[in-house]
Amino acid sequence: MLCQSCKTQTATIHLTEITNGHRVETHLCQACAQKQGLAIQTQIPLNELLSTLLSVPPEAAAGTPPSLQEQKACPSCGMTLQRFSKETLLGCPQDYDVFEKNLLPLILRTQNDRSEHCGKVPADAGRVQEKQMRLAQLRRKLEEAVRREQYETAARLRDEIRKLQ
Amino acid sequence: MNIRDLSKQPSPWLQESGPASDVVISSRIRLARNLAGYEFKPCLTPSRQQEVLDTLKTALLSVPADEPLFFFNIEEASALERELLAERYLISLPHARGEGPRGVVIAQNEYFSAMINEEDHLRMQVFASGQQLEKCFEHISRVDNHLETKVQFAFHPRYGYLTACPTNLGTGIRVSVMLHLPGLKMTGQTEKFFNAARDCNLAVRGLFGEGSEAVGDFYQLSNQVTLGVTEQEIVQNFSRNIVPKIVEYEQVARQRLFEDNPEAVEDKIHRSLAILRSARLISSQEALILLSHVRLGIHTGRIPDIPISKINELFLHIQPAHLQMQAGRTLSPDHRDILRAQIIRTALCPN
């Protein structure tokens, strides 16, 4: 089926509108749909997301004027939020702690509301750290088991958590 | 081995036909890592960047491997050599066009490559033909475990492996499959596929990665979430749930296509092959669209005399840097179109 608008490209977007009992179908190609503002964005551009999130000061920093927040620099690498929002890349590992309050909403938004790593831990990471990770992983599995009403699994996970604690 | 040698050989992972290769051209897993005790790339001074390069180069070359590993200094490579590596997916375009001390370690068989000082200090990837994500994961995990005995990576108790961009945080893993979806395209279901991917937090891109357009029904599908899920969960969800579903939808769409309007589809396939066999001038975009139809024809038994490896091989060899490397000189776009048409004719003409 050809696009109704340009009549050259294949229509890939099909819209059905029902107004006052009348059904109207529209068939457009991606380019024409985009021109008419109908195309669905598959991804939010990272820059756009960053500027939206970083322009709103988080609750904890609500008392501080945004300009001061943006000027705050990492003592280790000198990175500022202003620079980060432009370049979308951080300057050093410490930035994650220095700008945590500002980064957390962004992390939650891009990581499907998750903010705790539960995957691989480096072999040489301290045992305490490893234990923390294991606990976080087990707690997440416990929540999942309870949600799925798998009570036997949940009880086993609870015991495992108690043992580790 | 030098970079020029690569232009003559086909990528083995494009040559073979792995599982579900009618729909899944290849699988790839990438891991992003940064060395502890160093700034991330944007804040690294050139001398510290050199230190990162030397440290990671030594560590990577010590990885036990079945195939010899080679290091290439990207800063010293010519522009054409850098583009060639990018065309073969061994480095990214930003790495090819970047600045400062940087390099890549490549396995001779091209199944493995590791970029040093790209967006992160280390970005390594493993390829496989067809749907073989679990195999890729096993391979890359082995390399990662070995590297951790040699160097220390930046790690945070809450956020996991730290990356320059927060979107790669946690596992640092990017799982992706290169898909050929002519059935979904011709039956007008690509938008449905995009929406389903978005609902599953997956990214859809064109054949050549970030920012590239999908040409000739080729798409790259990858995970976006890297935090709060284990590496195994990401890989298994992809290989056991997402990819088989897409393969099934695409196969059903192809079947429907041939049932509903066989003449039109067969005409498209054979007409495409005829153009490729006769053209004297062809752009890469047109070639990709026509090759996509021919690939569909081969997989559905409509074109019995051309092996799929030949089509996959052409994807690489008709790209600008490959053409120029073959010609041994810089070519204008018009001359590239002539050489591209000639290479395709030679490859596809019946003996």
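Reader: What share of the contacts in chain B between residues at least 6 apart in sequence join residues at least 24 apart?

Author: That share is 69%. Keep in mind that this is a predicted model. A contact here needs heavy atoms within 4.5 Å.

Reader: What makes chain B agree with a compact globule?

Author: Set the two values side by side. For 351 residues, a compact globule would have a radius of gyration near 20 Å, and chain B comes out at 21 Å, so the two agree. Along the principal axes, the C-alpha atoms fill a box of roughly 65 × 45 × 35 Å. The chain has 14 helices and 10 strands.

Reader: How much of chain B counts as buried, and how much area is exposed?

Author: Of the 351 residues, 60% count as buried. Chain B exposes about 13700 Å², with carbon and sulfur atoms supplying 49% of that.

Reader: Why is B:His95 called buried?

Author: The cut-off for buried is under 20% relative accessible area. B:His95 has 1% relative accessibility, so it counts as buried. You'll find B:His95 in helix α5, residues 93-97 of chain B.

Reader: Which residues is B:His95 in contact with, leaving aside neighbours within four places in sequence?

Author: Here's the list: B:Ile74, B:Arg102, B:Gly103, B:Met115, B:Ile116, B:Asn117 and B:Glu118.

Reader: Why is helix α12 of chain B described as largely enclosed?

Author: Count its buried residues. Helix α12 covers residues 308-317, and 8 of its 10 residues are buried, so the rest of the structure largely encloses it. The buried ones are B:Ile308, B:Ser309, B:Ile311, B:Asn312, B:Leu314, B:Phe315, B:Leu316 and B:His317.

Reader: How many cavities of 30 Å³ or more are there, and how much space lies in the largest?

Author: The count comes to 3 cavities of 30 Å³ or more. The largest cavity holds about 80 Å³ of space. To be called a cavity, it must be a place where a 1.4 Å probe fits but cannot get out.

Reader: What lines the largest cavity?

Author: Its lining is made of B:Ser26, B:Ser27, B:Arg28, B:Tyr89, B:Phe127, B:Ser176, B:Val177, B:Met178 and B:Gln220. Strands β1 (24-33) and β8 (173-180) of chain B are the elements giving two or more residues to this lining.

Reader: Which classes do the lining residues of the largest cavity fall into?

Author: There are 4 nonpolar, 4 polar and 1 charged residues in the lining. Tyr counts as nonpolar in this scheme, while Arg counts as charged.

Definitions and conventions: Residues are numbered from 1 along each chain as its sequence is written. Chains are lettered from A and ligands numbered from 1 in the order in which they are written. This is a predicted model: local features need pLDDT of at least 70, side-chain atom pairs count only at pLDDT 80 or more; totals for chains, interfaces and linings use all residues. Side-chain values use heavy atoms; hydrogens and water are left out. On a 1 Å grid over the protein atoms alone, a cavity is a set of points where a 1.4 Å probe fits but cannot get out, and a pocket is an open set with protein on both sides within 12 Å along at least five of seven lines; lining residues have an atom within 4 Å of a point. Grid points are joined across faces, edges and corners, and a volume is the space filled by probe spheres set on the points. Helices (H or I, at least four residues) and strands (E, at least two) are DSSP runs, numbered from the N terminus. Buried means under 20% relative accessible area, exposed over 50%, partly exposed in between (1.4 Å probe, protein chains only). The radius of gyration is taken over C-alpha atoms; the globule rule is 2.2 Å times the number of residues to the power 0.38. Accessible areas come from the Shrake-Rupley method with a 1.4 Å probe; for residues, only the protein chains shown count as cover.
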